[in-house]
Amino acid sequence: MKLRGKFISFMRRLVAPLVAEWPLWVLWFVGMSIGGVCDIQRLFDIVFPETPQILRLLRIVGYGVCMSTLLAYLVAALAHICRTRWVRWPLALVALLATGAYLFIRYHYGTRLTPEIASVIQETYWAEAGEYLGTYIFSMTGLSIILALMVAMAAWCSLDLWWHRHRENHSHHRKMSGWQATLWAVLMLVVIGGAFKMACYGPLADKLTHQSRSHDENFGVDALTNLMKCHHQLQRIDDQTILAITATQQVYDTSPQPIADDSLTIVLVIGDSYIKSHASIYGYDKPTTPIQQRERDASWLIVFNDIVSPYSYTNMAMRSLLSVNDKGSGQQWCDYPLFPAIFKHAGYQVDLWDNQREFMKGSVSTNGLNGLMYHPQVINLCYTNINDRNSEFDWEFVEDYAAHRRDSKHELVLLHLRGQHFKAESRYPHTLQWTHFKPKDYTQHEPPLDDEARQEVADYDNAIRYNDYVLGRIFALFSDRQAVVVCLSDHGGEVHDYHWGLGFRDDNEHLELMLRHHHEIPFVVWCSPRLQQARPQLVERIRQAADRPGTLDNVSQMMLGLSGITTPWYQAERDILSPTYICTNRICDKYEYDLVVDMIYCMSF
Ligand SMILES: [Zn+2]
């Protein structure tokens with residue numbers, strides 16, 4: 001009997017926080033469930049795609065309910081130990097704020113809170129507070145959420161006050177009835193289940209991180225842990241930007257060496273989402289690149305055949321392009337200087353004309369990249385001139401550059417186009433001249449497509465053809481200079497090529513095809529007639545390199561090699577044009593490109 005008595009008293013103590021602090025417990029449970037269940041659903045959709053829907057639903061509810069219950073229980077226990085409203089109320093406010101933030105992001109950005117979203121918020125709300133804070137907070141969504149939070153907090157405080165007064169007044173008959181005891185015991189079991197599920201959740205989330213292509217993917221089990229994780233990640237993004245700036249500042253600690261007296265213009269044209277296999281210059285069966293073919297046949301243009309991008313999305317591809325790091329040797333982009341700074345410091349005029357600065361403004365990718373490229377210190381260290389307006393189409397954008405162009409003896413020009421960025425139908429004017437390909441041209445397409453998909457492929461090919469004319473315009477712009485124009489894309493993509501799919505999809509089943517479509521990039525070098533005349537050996541060196549394997553992250557070394565700048569960051573063995581060049585490991589996202597592609601290639605014999 002004594003043992004039974006002890007057990008009952010122990011159970012009573014365990015259950016006490018649930019009984020005494022149920023308003024707080026319920027608030028936390030509801031708040032955490034709102035944030036948690038959606039995320040867990042996504043987690044399960046990705047990790048267990050084959051499990052039947054109903055089983056998955058049960059597991060989702062299992063995880064969501066159990067873990068929210070556990071978290072809410074721990075909070076209630078804390079409040080129960082402290083026994084003061086000055087602990088309860090702030091705890092309630094935390095739950096409401098976390099849930100409010102979660103809902104705001106869900107409605108405003110249509111997604112869950114991710115570190116990238118958090119970085120967008122940090123930039124738009126804090127960095128440019130004066131301009132944006134008002135607009136967003138005083139938008140209808142912002143106001144409704146603030147109002148709802150205030151009402152919820154007031155209602156909750158009244159409930160809490162009433163309950164604790166009620167408990168004091170009725171403290172004489174606090175003995176539990178049988179059904180009450182059963183209810184609390186069941187809840188307690190759920191709490192214990194939560195502890196168990198929590199233990200399983202870690203490895204599960206880890207598994208997902210390994211499967212996902214972005215290391216920034218992370219899953220908080222609820223609104224609160226998600227906020228904390230995001231804060232941590234943001235800190236990391238900030239740290240990386242600071243590291244990159246510090247590394248870039250080191251360029252200015254070296255004394256600039258004199259550069260050759262010959263004038264030289266180096267142009268880097270950065271396209272977007274350009275699938276190499278859709279370019280007729282690489283053998284595509286539709287005439288998507290007539291201008292480049294004409295220039296190649298006239299021997300002004302040299303086509304590189306084996307270049308890959310280490311990333312399949314803009315944000316990281318651009319970082320690795322701008323930094324002088326080498327990913328294949330395990331070097332982090334943020335530990336190395338941004339190469340335009342080396343040019344500027346050496347006396348080059350550096351123009352950055354970026355047609356993506358205003359593109360999808362407020363979106364995750366644009367703001368994330370702008371945070372680095374337009375950091376005031378980066379602007380100061382890297383560029384001489386930058387553009388102040390964007391154009392809907394790349395042709396007008398190039399015209400804008402032409403109108404603002406300032407000649408200089410030594411110049412580096414960075415032109416960042418919108419290219420074929422999703423969706424391709426918006427990347428070219430729908431006039432008779434540019435609507436060259438039509439859905440009917442794709443009736444023989446493999447796999448067979450419906451009308452809508454055929455239109456999407458036609459749009460994509462039209463966007464490439466438009467891009468080809470834009471490149472032609474850029475070549476013409478520099479024809480009176482000793483100019484090298486390097487044109488590449490940050491990454492590739494998919495437009496129903498080997499299966500139905502647009503943009504990006506991580507696809508383990510067709511690993512080789514996936515890598516080839518997303519990471520192989522078009523890469524052409526145009527040498528102006530004046531350059532060919534003045535520096536035939538240089539042009540010959542470029543020609544010699546056309547079949548070497550290379551990666552986007554080492555383009556900076558090629559730029560430095562072309563420039564004639566003497567700098568400790570130039571490594572001849574990473575410069576594809578150098579006779580001592582060695583191609584390092586080509587890592588594409590998380591795969592070793594050559595290993596995957598060669599293996600499949602060997603197997604097909
Ligand atoms: Zn991109």
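What follows is a chat between a biologist and a modeller about a predicted model.

Biologist: Let's get our bearings. How many helices and strands does the protein have?
Modeller: The chain has 605 residues, and 40% of them count as buried. Among contacts between residues at least 6 apart in sequence, 78% join residues at least 24 apart. As for secondary structure, the total is 21 helices and 11 strands.

Biologist: In what order do the strands of the seven-stranded open sheet run, and which are the edge strands?
Modeller: The pairing in this open sheet is mixed, and the order is 2-8-7-1-6-4-5. An edge strand pairs on one side only, and that holds for strand 2 and strand 5 (385-386).

Biologist: Take strand 1, residues 264-271. Which strands does it pair with in the parallel sense?
Modeller: Strand pairing works through backbone hydrogen bonds, either parallel or antiparallel. With residues 410-416, strand 1 pairs in the parallel sense over seven bridges, and I266 has L412 as its bridge partner there. Strand 1 also has seven parallel bridges to residues 483-489, where V269 stands opposite C487. The two partners are strand 6 and strand 7.

Biologist: Are the two faces of strand 1 covered or open?
Modeller: Side chains in a regular strand alternate between the two faces of the sheet. On one side of strand 1 sit L264, I266, L268 and I270, and on the other T265, V267, V269 and G271, every one of them buried. That is eight of the eight residues, so strand 1 is largely enclosed by the rest of the structure. Both faces are covered.

Biologist: And strand 6: how many of its seven residues are buried?
Modeller: H410, L412, L414 and H416 point one way, while E411, V413 and L415 point the other way, and all are buried. Strand 6 is therefore largely enclosed by the rest of the structure. The count is seven of the seven.

Biologist: Which residue of strand 6 stands opposite both V267 and D351?
Modeller: Strand 4 (residues 349-354) runs parallel to strand 6, with six bridges joining them. D351 has its opposite number in strand 6, and so does V267. For V267 the residue is V413, and for D351 it is also V413.

Biologist: Now the nonpolar core. Which helix gives the largest share of the largest core?
Modeller: In soluble globular proteins, nonpolar side chains tend to be buried together. Here the largest nonpolar core has 102 residues, and V267, V269, L415, I474 and V485 have the most contacts inside it. A share of 11 residues, the largest, comes from helix 16.

Biologist: Which residues does I474 touch, leaving out those up to four places away in sequence?
Modeller: I474 is among the residues with the most contacts inside the largest core. Its list, with those sequence neighbours left out, is V267, V269, V398, L415 and V485.

Biologist: How many residues are in the second, separate core?
Modeller: This one includes V75, A79, A92 and W156. Its total is 27 residues.

Biologist: Back to helix 16, residues 451-477. How does helix 10, residues 290-297, pack against it: parallel or oblique?
Modeller: From helix 10, P290, I291, Q292 and E295 meet D468, Y469, L471, G472 and F475 of helix 16. Those contact residues divide into five nonpolar, two polar and two charged. The axes are 7 Å apart at an angle of about 45 degrees. That makes helix 10, relative to helix 16, oblique.

Biologist: Which loop holds the cis bonds at K423 and P447?
Modeller: Most peptide bonds are trans. The bond joining F422 and K423 is cis, with omega about -10 degrees, and the one from E446 to P447 is cis with omega near -5 degrees. K423 lies between strand 6 and helix 16. P447 is likewise in the loop between strand 6 and helix 16.

Biologist: S299 and H496 have a positive phi. Which of them is buried and which exposed?
Modeller: Phi is about 60 degrees for S299, in the loop between helix 10 and strand 2, and near 55 degrees for H496, in the loop between strand 7 and helix 17. Buried takes 20 or more other C-beta atoms within 10 Å, and exposed 12 or fewer. S299 has 11, so it is exposed. H496 has 20, so it is buried.

Notes. Residues are numbered from 1 along each chain as its sequence is written. This is a predicted model: local features need pLDDT of at least 70, side-chain atom pairs count only at pLDDT 80 or more; totals for chains, interfaces and linings use all residues. Helices (H or I, at least four residues) and strands (E, at least two) are DSSP runs, numbered from the N terminus. Two strands pair if DSSP finds at least two bridges between them. Axes are lines fitted to C-alpha atoms, for helices over the stretch in contact, and angles run from 0 to 180 degrees between N-to-C directions. Angles under 35 degrees count as roughly parallel, over 145 as roughly antiparallel, 65 to 115 as roughly perpendicular and the rest as oblique. Two residues are in contact if their C-beta atoms, placed from the backbone, lie within 7 Å. Ala, Val, Leu, Ile, Met, Phe, Trp, Tyr, Cys and Pro count as nonpolar, Asp, Glu, Lys and Arg as charged, and the others, Gly among them, as polar. A nonpolar core is a set of buried Ala, Val, Leu, Ile, Met, Phe, Trp, Tyr and Cys residues joined through C-beta atoms within 7 Å.
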